[in-house]
Amino acid sequence: MYTKNLCIYSDSVNELLARYGVKFGIYKDNTFHEQLFPFDMIPRVISAEEFAYIERGLKQRIKALNLFIEDIYHNKRIIHDKIIPEEFVYAGSGYLAQCEGVSPPRGIYTHIAGIDLVQAKDGTWYILEDNLRIPSGASYPMIARDLCRKCSPQTFRDNHLEDNRNYAKLLRKTFDYVNTEGHTVILTPGRYNAAYFEHSYLAEQTGAHLVNGHELTVEDDKLYFVDFSGKKERVGVVYRRISDEYLDPMNFKEESLIGIPHIYDVYRKGNVALINAPGNGVADDKGIYYFVPKMINYYLGEEAVLKNAPTYLPYYQEDLEYVLMHFDDLVIKDVAEAGGYGVFFGNKLENKAKESFKELIKAEPRRFIAQEVIDFRDIDIMEHGEFVPRKADLRAFVLMAEEPMVWKSGLTRFSRNPDSFIVNSSQGGGFKDTWVLSR
Amino acid sequence: MGIISLKHTDQLYWLGRYSERVYTTLKLFAEKYDSMIDLNEAEYEDFCKKQDIPNIYSSSEDFAKRYCFDENDTNSIISNLTRAYDNAVVLREEIGSTTLSYIQLAVYAMNKAKLSEAPLLELQHVRDNIVAFWGIVDDSIDDEHVRSIIKLGKRIERVDLFARMHMDRSELKREILKLNRRIDRTGLTYSAKRMAHINYLIEEDDLNYKELVGEIEALLL
C-alpha cells in the first residue's frame with residue numbers, strides 16, 4: 001500500500017548506494033573485503049502511536065542504564081542493596097576498573113545507544129539487546145531514505161512520515177552538549193574497519209573532523225588536533241569508534257597502535273568528552289540485560305515499559321534447572337560474543353553436542369544466558385520480484401543531550417536466509433528503512 | 001578555512017596526482033593503441049621508456065591488457081585508479097560524498113572495462129567520471145585550501161607526464177602557468193627557487209624535458 005511506486009526503483013536505489021560507497025567491511029580468511037549492504041525497498045512501518053510507546057520505553061531504559069553506570073563506578077548502591085549480584089558486574093569483560101570514580105562531562109555515559117528490538121507475532125515489542133559502546137548502523141537508513149525520496153517523491157508525498165535525515169542534527173546536538181570547548185572529531189581505526197563508511201559519512205554530515213589516533217596529541221592535560229603546519233587546535237569532543245581497550249595504550253591495552261596515549265587522563269580531568277564513555281560495557285553485557293527491568297524499578301521507581309525477551313540466568317539454580325529441562329525450546333547466548341556469533345538454538349544441536357553444551361553451562365553458568373525463542377513477526381522483503389517473508393529486528397537509536405532523544409526511525413535488519421533468525425550484516429543480512437508515521 | 005591534518009593534506013595531493021595520472025595515461029594509451037593496431041605495433045616500447053616504467057610486456061596485445069587492467073602491475077592504470085580511490089575514500093568529510101562518488105563510479109567503470117570485449121569503449125566512461133570528478137571538485141568543495149591541494153596534485157602530475165612524453169611546449173607552458181597560479185593558494189611549502197627554474201626552463205630554446213621532470217618532482221618541500 002505504501003510502497004507500490006517505490007519498489008520498482010529497487011535496482012536504481014541499490015546502484016546509487018553502491019555509487020556512494022555504502023558498504024561494510026568484513027574479514028574472511030584474514031583478508032579484508034568491502035561488501036555492499038543489500039537494501040530492501042519495502043520499509044518497516046511503525047504507526048505514530050506505536051512509536052510513541054516505544055519512545056517512552058526507550059527513554060526510560062536509557063535513563064536507567066545511565067544511572068546504573070554512574071552508580072557502578074561511584075557508590076554501587078545497586079550492589080549494596082543486592083539488586084544485582086556483584087559477580088555479574090565485576091566478572092563481566094565490560095567492567096573497567098580504570099573508570100572507578102571518574103565522571104564524564106555533564107554526567108552522560110550513554111550518549112548514543114543502539115537498542116535492538118523485535119516484534120512478536122502478537123505485536124508485542126521485546127528488547128533483545130542494549131548496545132551502549134559503539135552502536136553502528138544509523139547512517140544506512142539515513143542515506144537510503146535520501147535516495148528513495150529522489151526515486152519516488154510521490155511515495156513521500158502520499159505517506160506522512162517523520163523525516164529521518166535529522167540524525168546528524170541530533171548527533172551534533174549530542175556532541176555540542178558535552179563539548180569541553182574545542183573541535184569535535186570522530187576517531188576511526190581506519191578504512192579497514194567494518195563500519196568505516198559510517199564513520200566517514202557521519203563526519204561529513206555532522207561537520208566533524210574524521211581523524212586517526214596519530215592526528216591527536218595530549219599536552220598539559222588537554223587534547224589537540226595537529227594540523228598540516230604543526231599548529232595545535234584544542235579538541236573538546238571525541239566520538240570514538242574504537243573500543244575501550246584500544247583507546248589509550250597508557251591506560252588500557254599497551255599494545256594498541258590506534259589509540260592516543262594519555263587521552264584517558266585528559267578525560268579523567270574533565271577536559272574532553274569521550275562518546276560513548278569508557279566503561280559502558282558494564283551495562284550492555286548480555287548477563288546484565290536480565291537485570292535492566294530491575295534497574296528501571298530501582299532507579300526510577302517505575303515498571304519497565306518495554307519488556308525484555310523472557311530470559312534465564314543459569315547462574316541461578318532454579319533457572320539452570322529450567323534451562324537444562326527446556327533446552328530445545330531455548331536460544332542460548334554466550335555473553336562474551338556479539339555480532340550474531342555465540343548464539344545457539346537448542347533444537348538445532350546434535351544430541352552429542354547438546355549434552356556437552358549442557359555440561360559447559362553447568363561448568364560456566366555465568367558465561368551464558370538462555371532466552372525463549374520469540375516468534376518474530378515476519379516482514380516482507382522483495383526477492384526476484386516477489387514478496388517473501390523474513391525475520392527482522394529493529395535497532396532503535398537513542399541519543400542523550402539534556403534529555404534522551406529517540407531518533408524517529410531505525411535500522412531494520414533482516415535475514416536473507418528463510419530459515420535463519422540471524423540478521424547481522426556480517427552474516428549476510430540486509431537492511432530496510434524504518435518509517436515512523438507522523439500522523 | 002577548516003583545520004586539516006598533514007595526513008589529509010598528503011591524501012588530497014595524491015588524490016589529485018593519481019586521478020590525473022589515470023586520466024592522462026588513459027588518453028595517451030588510447031592514442032598509442034590506435035597507432036599500434038596497424039601502424040607501429042611496437043610503439044608501446046617507446047611509451048614505456050618515456051614514462052620510465054619497465055617494459056614487462058611481450059606484445060602490443062599484452063601491453064594493452066596488462067597496462068590497463070593488471071592489478072599486480074604497480075604501473076598499470078587500474079593500480080593508479082585504486083590508489084586514487086584509496087586516497088579518496090578516506091577523505092569523504094573533506095571532499096563530500098558526491099565528489100567521492102565519481103571516483104567510485106570510475107572504479108566500477110574500470111572493472112566493467114576489464115571484463116568487456118571492447119574495453120576502449122568502456123574506458124571512455126572511466127575518463128568521463130574523472131572529468132566529472134574534477135568538475136564537482138570545483139563546484140562543490142567550498143574550502144579553497146582543500147580544492148587547491150587536489151588541483152595542485154593534478155597540475156604537478158600533468159606537467160610531469162607531459163614533460164616525460166615530450167609534449168608540445170605550448171601545452172606544457174599552459175600547464176606550468178596554471179601551476180604558478182595555484183601553488184600559493186594551497187598553503188603548502190615549496191621551493192620558490194625550483195618554481196623559478198621551471199619557469200625558466202620552459203622558455204629555453206632547447207627544452208630540457210628531463211631536467212623539467214626532475215624539478216617538478218622536487219618542487220614541494
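Visitor: How many Å separate the centres of domain 1 of chain B and domain 2 of chain B, taken over C-alpha atoms?

Guide: Domain bounds come from an automatic or database domain assignment. Here the centres of domain 1 of chain B and domain 2 of chain B, taken over C-alpha atoms, are separated by 21 Å. Chain B is divided into domain 1 (1–141) and domain 2 (147–221). This is a predicted model, in which local features need pLDDT of at least 70 and side-chain atom pairs count only at pLDDT 80 or more, while totals for chains, interfaces and linings use all residues. Residues are numbered from 1 along each chain as its sequence is written, and chains are lettered from A and ligands numbered from 1 in the order in which they are written.

Visitor: How many residues of domain 1 of chain B are in contact with domain 2 of chain B, and which helix supplies the largest share?

Guide: Two residues are in contact if their C-beta atoms, placed from the backbone, lie within 7 Å. In chain B, 18 residues of domain 1 are in contact with 14 residues of domain 2. Helices and strands are DSSP runs (H or I, at least four residues, for helices; E, at least two, for strands), numbered from the N terminus. Helix H1 (6–38), helix H2 (43–51) and helix H7 (119–140) of chain B each supply at least two residues of the domain 1 side, and the largest share, twelve residues, comes from H1(B). As to class, Ala, Val, Leu, Ile, Met, Phe, Trp, Tyr, Cys and Pro count as nonpolar, Asp, Glu, Lys and Arg as charged, and the others, Gly among them, as polar. The domain 1 side divides into seven nonpolar, five polar and six charged residues.

Visitor: What does the domain assignment give for chain A?

Guide: For chain A, the assignment gives domain 1 (4–303 + 375–436) and domain 2 (310–372). Their C-alpha centres lie 27 Å apart. Twelve residues of domain 1 of chain A are in contact with ten residues of domain 2 of chain A. Helix H13 (residues 286–289) of chain A gives the most to the domain 1 side, with three residues. By class, that side has four nonpolar, five polar and three charged residues.

Visitor: Which elements of chain A supply residues of the side that touches chain B?

Guide: Between the chains, 18 residues of chain A are in contact with 16 residues of chain B. Helix H9 (196–206), strand S7 (209–211) and strand S9 (222–226) of chain A each supply at least two residues of the chain A side. H9(A) contributes the largest share, four residues. The chain A side divides into eight nonpolar, four polar and six charged residues.

Visitor: With which strands does S9(A) pair?

Guide: Two strands pair if DSSP finds at least two bridges between them. Strand S8 (residues 216–219) of chain A pairs with S9(A) in the antiparallel sense over four bridges, and A:Glu219 stands opposite A:Lys222 in S9(A). S8(A) and S9(A) form a hairpin with two residues between them, and A:Asp220 in the turn has a positive phi of about 50°. S9(A) also pairs with strand S10 (residues 232–240) of chain A, in the antiparallel sense over three bridges. There, A:Val226 stands opposite A:Lys232 in S10(A). That hairpin has five residues between its strands, and A:Gly230 in the turn has a positive phi of about 95°.

Visitor: How should two packed helices be described, and at what angle do the axes of H3(A) and H14(A) cross?

Guide: Two packed helices are described by the angle between their axes and the distance between the axes. Axes are lines fitted to C-alpha atoms, for helices over the stretch in contact, and angles run from 0 to 180 degrees between N-to-C directions. Helix H3 (residues 48–72) and helix H14 (residues 292–300) of chain A have axes that come within 9 Å and cross at roughly 80°. Angles under 35 degrees count as roughly parallel, over 145 as roughly antiparallel, 65 to 115 as roughly perpendicular and the rest as oblique. H3(A) and H14(A) are therefore roughly perpendicular to each other. The contact has nine nonpolar, one polar and two charged residues.

Visitor: Which residue other than glycine has a positive phi in the loop between S17 and S18 of chain A?

Guide: Most residues other than glycine have a negative phi, and most peptide bonds are trans. A:His384 has a positive phi of about 50° although it is not a glycine, and its place is in the loop between strand S17 (379–383) and strand S18 (386–390) of chain A. A residue is buried if 20 or more other C-beta atoms, placed from the backbone, lie within 10 Å of its own, exposed if 12 or fewer, and partly exposed in between. A:His384, with 5 C-beta neighbours inside 10 Å, counts as exposed. A cis peptide bond joins A:Ile275 and A:Asn276, with omega about -10°.
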